[in-house]
Amino acid sequence: MFEDSYNTIKSPSQGIYREKGSKFIALAYPVKSESEIKEILAGLKKEYFDARHHCYAYRLGWDYSVYRINDDGEPSGTAGRPIYGQLLSNELTNVLIVVIRYFGGIKLGVSGLINAYKTATQDAIKNALISTNTVQDIMDINFGYELMSKVMTILKSDGVQIMNTEYFDENVNIRFRINKTNTVNLFDQINSLENAKLIFIETI
């Protein structure tokens, strides 16, 4: 079994924490791919070029299958892991959190660093608008035009959201999204029709 929903954030948010002269700016972003994350990180490196550290953590996918942590020069386990820990605690995915540190001249020690990165991250998450998304499959169904009525009846009964319809001579192709929990039932119904084929595109 899988979770049929996941939590993410709707828009970027910011948090801040200060300790002994050091300033920790936490920036949270909704993201969907590692390429998008690379672009954000590159932009932040330029914008905050004078900061000592750009530490981050992210988690991607409705199944939480992709994640990474980065201490960016801080002692191992003192930055990226506490940031990531807050993603876990708040059950968030498709989120990147970068904490930018301006060093204040006084070392905070291991426990002080962990607390600083954790607290800054907590502030960014507190300031974010959390949304709960249902896990959905995007699929194509290709069928003969004579099956249009039957196919549409099946799609409507399963609460499908039709995204696009294309007509090719005697065939029709419909792209749609459906809650993943309903996919098996839909497959069984479509499979009973001759000259109808389901094609899985992606899960979102």
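This section describes the aromatic pairs, the largest pocket and helix α4 of a predicted model.

A search of the whole structure identified five aromatic pairs. Among them, tyrosine 17 and phenylalanine 24 adopt a tilted arrangement, with 6.3 Å from centre to centre and 45° between the planes. The angle of 45° is classed as tilted because stacked pairs have planes under 30 degrees apart and edge-to-face pairs have planes over 60 degrees apart. Tyrosine 17 is buried, its relative accessible area being 17%, and phenylalanine 24 is likewise buried, at 0%. Another of the pairs, formed by tyrosine 56 and tyrosine 58, is stacked, with an angle of 5° between the planes and 6.3 Å from centre to centre. Both partners are buried: the relative accessible area is 8% for tyrosine 56 and 4% for tyrosine 58. Beyond individual pairs, Tyr17 and Phe24 belong with Tyr117 to one aromatic cluster.

The largest pocket has a volume of about 410 Å³. Its lining comprises 21 residues, of which Tyr6, Val31, Lys32, Asn94 and Ile204 are the closest to the pocket centre. Three strands, β1 (5-9), β7 (130-134) and β11 (196-203), each contribute at least two residues to this lining. The greatest contribution comes from β1, which supplies three residues. By residue class, the lining of the largest pocket consists of eight nonpolar, eight polar and five charged residues.

Helix α4 spans residues 148-157, and within it Met148, Val151, Met152, Ile154 and Leu155 are buried. Viewed down the axis of α4, these buried residues fall within an arc of 160°, and they therefore line one face of the helix. The other side of α4 carries the exposed residues Ser149, Lys150, Thr153, Lys156 and Ser157. The buried residues of α4 are covered by elements that include the strands β8 (136-144), β9 (161-168) and β10 (171-179), together with helix α5 (183-191). Glycine 159 follows α4 and has a positive phi, near 65°.

In summary, two of the aromatic pairs are described here as a tilted pair of tyrosine 17 with phenylalanine 24 and a stacked pair of tyrosine 56 with tyrosine 58. The lining of the largest pocket draws on β1, β7 and β11, while α4 has buried residues along one face and exposed residues on the other side.

How values were computed: Residues numbered from 1 in each chain as written. Predicted model: local features only at pLDDT ≥ 70, side-chain atom pairs only at ≥ 80, totals over all residues. Heavy atoms only, no water. Phe/Tyr/Trp six-rings, centres within 6.5 Å; stacked < 30°, edge-to-face > 60°. Buried < 20%, exposed > 50% of the residue type's maximum accessible area, 1.4 Å probe, protein only. 1 Å grid on protein atoms, 1.4 Å probe; cavity = no way out; pocket = protein on both sides within 12 Å on 5 of 7 lines; lining within 4 Å. Points joined across faces, edges and corners; volume = space filled by probe spheres on them. Helix = DSSP H or I, 4+ residues; strand = E, 2+ residues; numbered from the N terminus. Nonpolar A, V, L, I, M, F, W, Y, C, P; charged D, E, K, R; others polar. Arc of directions from axis to C-beta. Contact = heavy atoms within 4.5 Å.
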